[in-house]
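Biologist: I've got the model open and want to press you on the wording. Can you back each label with its rule?

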Amino acid sequence: MLKQNKLPESLAKGRKKHLEALNNRLRLIRGLAMGDTAFVGPFSVNIDVTHRCNLRCLYCRWHSPLLNRTIPGDPAVKDFAPDQFRRLCASLHSLGTTTLLFVGAGEPLLHPQIFDLLATAKEYQLKVILYTNGTLLNEATITALVSLPLDVLRVSLGASSQEEYQQFYRNGGKYHQRFDKVVKAMQLLSQLKKERRTMFPILEISHAISRSSVKNLEKMALLAYNTGSKYLHFAVLQPAEGGEQFRPFLLTAKEVNFACFELKGLKKNLHSLGIQHNIEDVILRYRLGESGWQQHPCYIAWQYAYFRVDGIVYACQRCHLPMGDLHKNTFSEIWNNVNYRSFRRESVTLENLTSMQKTNCDCSYCLHLVNNLRVHQRVGWLIQLRKKLFGG
């Protein structure tokens with residue numbers, strides 16, 4: 001009798017994940033074919049974990065001193081409740097969600113129980129990407145993140161030098177000196193990972209391209225290399241709603257062309273340094289422009305969700321139409337409720353999407369533009385076929 005060979009454990013796990021991903025895509029297609037019901041949970045979600053922040057970046061859509069408005073929601077609620085977070089993670093796990101992002105209106109490391117939240121997310125087998133401004137990273141914090149282990153630590157850095165960093169603040173004082181502290185903290189993380197022979201958390205730098213930084217993109221690449229970052233994530237700086245004061249930070253048409261030229265040239269350099277990037281996606285967003293979202297339907301309500309710190313659920317962070325309330329229902333119940341099904345029906349039709357955007361969403365320089373475009377290229381024909389067969 002022939003002895004059956006067993007696959008190595010790592011290979012077996014890889015095959016299992018591949019099959020699960022394939023099954024989830026098939027379930028997504030099934031939902032799109034049906035019209036408004038999702039048969040798999042959002043693949044990734046964004047938690048607005050806290051509204052506390054220790055910085056006042058000029059271009060921040062939440063805490064900029066240039067804005068004369070408050071953060072939406074109950075001002076008394078500053079942090080996402082741990083018990084509510086555990087229930088949410090249970091729902092996400094059951095729905096097949098794989099990735100959780102801690103990013104929102106505040107600095108996640110200021111949540112009083114942030115490490116408990118991270119541990120809970122890992123308990124439910126979620127991949128966690130933690131955004132931070134980096135100023136609170138120290139030896140104790142870094143050691144805790146490595147010990148979890150956190151999957152990805154993405155440091156948001158709007159400058160490649162101390163001088164440039166200082167330009168984003170009007171508070172004065174020692175704010176500009178924090179740049180060196182952030183750089184040293186990232187280097188410390190890379191050193192500790194090397195000592196422990198671990199790759200986690202993977203260190204990434206997120207850089208929003210502004211008028212003052214567009215000529216220093218190569219310096220940002222060098223900074224990523226010197227800190228041990230494995231990924232350089234460029235972001236298109238977006239105007240905040242009602243924040244025309246931000247316009248001086250946004251690239252002009254001429255500067256957009258310059259940025260695209262510089263980014264193309266930077267790809268080869270990053271490759272030689274062993275640093276991954278999202279340059280092609282950023283160039284596409286610049287080329288499609290502020291109103292690029294009008295060129296195809298929106299599929300965000302099938303694959304993503306945004307949770308505000310007070311437990312209100314939205315299709316994305318730029319939409320103001322509530323999908324549900326975690327205080328009243330579990331996310332498993334919300335995911336296919338009347339609000340979500342209605343949003344899905346409306347958003348896959350450009351005419352309805354345009355009308356909805358005028359009153360409920362701010363889609364300028366859409367964060368999900370590239371992903372929506374990729375989904376549309378794969379399944380757009382299915383939507384059209386359903387319309388022909390069923391009239392909507």
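Modeller: Sure, starting with the element names: helices are DSSP runs of H or I with at least four residues, strands are E runs of at least two, and both are numbered from the N terminus. That gives 14 helices and 10 strands in the protein. This is a predicted model, so local features need pLDDT of at least 70 and side-chain atom pairs pLDDT 80 or more, while totals for chains, interfaces and linings use all residues. Residues count from 1 along each chain as its sequence is written, and side-chain values use heavy atoms, without hydrogens and water.

Biologist: What makes R154 and E204 a salt bridge?

Modeller: The rule asks for a side-chain nitrogen of Lys or Arg within 4 Å of a carboxyl oxygen of Asp or Glu. For R154 and E204 the closest N and O atoms are 2.7 Å apart, so the pair passes. R154 sits in strand β4 (residues 152-156) and E204 in strand β5 (residues 202-209), so the bridge ties together parts 50 residues apart in sequence. Both R154 and E204 are buried. By this rule there are 11 salt bridges.

Biologist: And which elements does the R374–D281 bridge join?

Modeller: R374 and D281 meet at 2.6 Å, N to O. R374 belongs to helix α14 (residues 369-390) and D281 to helix α9 (residues 279-288), so this pair links parts 93 residues apart in sequence.

Biologist: Why is D281 called partly exposed?

Modeller: Buried means under 20% relative accessible area and exposed over 50%, with partly exposed in between (1.4 Å probe, protein chains only). D281 has 22% and R374 has 37%, so both fall in between. Compare the salt bridge of D310 and R308, at 2.7 Å: D310 has 11% and R308 has 13%, so those two are buried.

Biologist: How do you know what lines the second largest pocket?

Modeller: A pocket is an open set of points on a 1 Å grid over the protein atoms alone, where a 1.4 Å probe fits, with protein on both sides within 12 Å along at least five of seven lines; lining residues have an atom within 4 Å of a point. Among the residues that pass here are V152, K193, E204 and Y231. Helix α6 (178-196) gives the largest share, three residues.

Biologist: What makes the lining four nonpolar, four polar and four charged?

Modeller: Ala, Val, Leu, Ile, Met, Phe, Trp, Tyr, Cys and Pro count as nonpolar, Asp, Glu, Lys and Arg as charged, and the others, Gly among them, as polar. So V152 is nonpolar, K193 charged and G228 polar.
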